Amino acid sequence: MSTYLVDSHCHLHDQEWFTPDQAEQFLQDAHTAGVDQVIVIGTDPEDSANAQAFAAAHENVFCTYGIHPEYANSHPEPPIVDAQALSALIRPSESSPKLVAIGEIGLDYHYEPFDRAAQIRLFEQMLQLARDLRLPVSLHIREAFDDALPILDNFPDVKGVVHSFTASKKILKQVLARDFYVGVNGLITYSTLPLPPLEKMLLETDAPFLTPVPFRGKINTPGYVRNIAAYLAEKLGVAEVNIAEQTTNNAKQLFHLQ
């Protein structure tokens, strides 16, 4: 296993938050910090296309195709998705795929009003897409596990990661029982969230959001995965190299990274 780190969930491609120059600099900073692979996450059809373009232009950057549940609140009918076009990105001519997951997808009942039925329709469509393309999923589930877990049970062959987990120990056990990984980010440095076992943990930043201590108040960047790993090493009493090795191996196994 390698000692480099993977940022398994960030939005470095999103020009609402990062200028092209900033994205280049932060990507270089990440590599300097030992974060050698980055996955940029799509949140709607246009943003997913931007993520794909960003990944195509950068070595060791990968992407997802996803439609965030909040999209369903303003678009009650699921969009038409060209699965055939997406499949061309899974096995491109280079040595490893650029499209590595479907996400971020899921359910989010935090902000009202929300369209529960539309979110569920979209979620089921995205899970079917992941099944059809044989890709893992990156899940965004917020205050909606009572609905989300039974839906996932209808797609038992679809596996993935619950990104930015913010629920209880009881729900964490239910997630782990379904053989999902759990994304751990800067929230862990200033909260009391339960932690998954190391063998089911992925590291992520969710940049530009959820900046870890001691950088809160600044924009988050992929390089801060190193700080999350260091924090976890101290908290768990485990050598940082072991955190890096295990979480990187987990990401490689789930997303089939080279």
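1. Trp17 sits in the loop that connects β1 (5-10) with α1 (20-32). This is a predicted model, and the placement of Trp17 should be read as such. Trp17 counts as partly exposed because its relative accessibility is 36%, a value that falls between the 20% limit for buried and the 50% limit for exposed.

2. Trp17 also takes part in a nonpolar patch on the surface, together with Phe209 and Ile219. The area of this patch is about 250 Å².

3. Asn220 belongs to another loop segment, the one between β8 (201-203) and α8 (225-236). Is Asn220 buried or exposed? Its relative accessibility is 0%, so Asn220 counts as buried.

4. The surroundings of Asn220 can be listed. With neighbours within four places in sequence left aside, Asn220 is in contact with Phe18, Thr205, Ala207, Pro208, Phe209, Leu210, Thr211 and Pro212. One of these, Phe209, is also a member of the nonpolar patch with Trp17 and Ile219.

5. Turning to the interior, the largest nonpolar core has 70 residues. Which of them touch the most other members? They are Ile102 and Leu203. Helix α5 (residues 116-133) supplies the largest share of this core, with nine residues. Apart from this core lies another, of 14 residues, which includes Val6, Ala101, Leu202 and Phe255.

6. For Ile102, the contacts beyond four places in sequence are with Tyr65, Met126, Leu129, Ala130, Leu133, Leu135, Pro136, Val137 and Ser138. Among these partners are Met126, Leu129, Ala130 and Leu133, whose numbers fall in the range of helix α5, residues 116-133.

7. As for the chain as a whole, it contains nine helices and eight strands. Its C-alpha atoms fill a box of roughly 45 × 45 × 35 Å along the principal axes. The radius of gyration is 17 Å, which agrees with the value near 18 Å that a compact globule of 258 residues would have.

8. Two further totals concern burial and contact order. Of the 258 residues in the chain, 54% are buried. When contacts between residues at least 6 apart in sequence are taken, 66% of them join residues at least 24 apart.

9. The accessible surface of the chain is about 11400 Å². Carbon and sulfur atoms account for 49% of that surface.

Notes. Residues numbered from 1 in each chain as written. Predicted model: local features only at pLDDT ≥ 70, side-chain atom pairs only at ≥ 80, totals over all residues. Heavy atoms only, no water. Core = buried A, V, L, I, M, F, W, Y, C linked by side-chain atoms within 4.5 Å. Buried < 20%, exposed > 50% of the residue type's maximum accessible area, 1.4 Å probe, protein only. Helix = DSSP H or I, 4+ residues; strand = E, 2+ residues; numbered from the N terminus. Contact = heavy atoms within 4.5 Å. Patch = residues over 30% accessible without salt bridge, like charges linked within 9 Å, V, L, I, M, F, W, Y side chains within 5 Å. Areas by Shrake-Rupley, 256 points an atom, 1.4 Å probe, with all protein chains shown as cover. Salt bridge = Lys/Arg side-chain N within 4 Å of Asp/Glu carboxyl O. Rg over C-alpha atoms; globule rule 2.2 N^0.38 Å.
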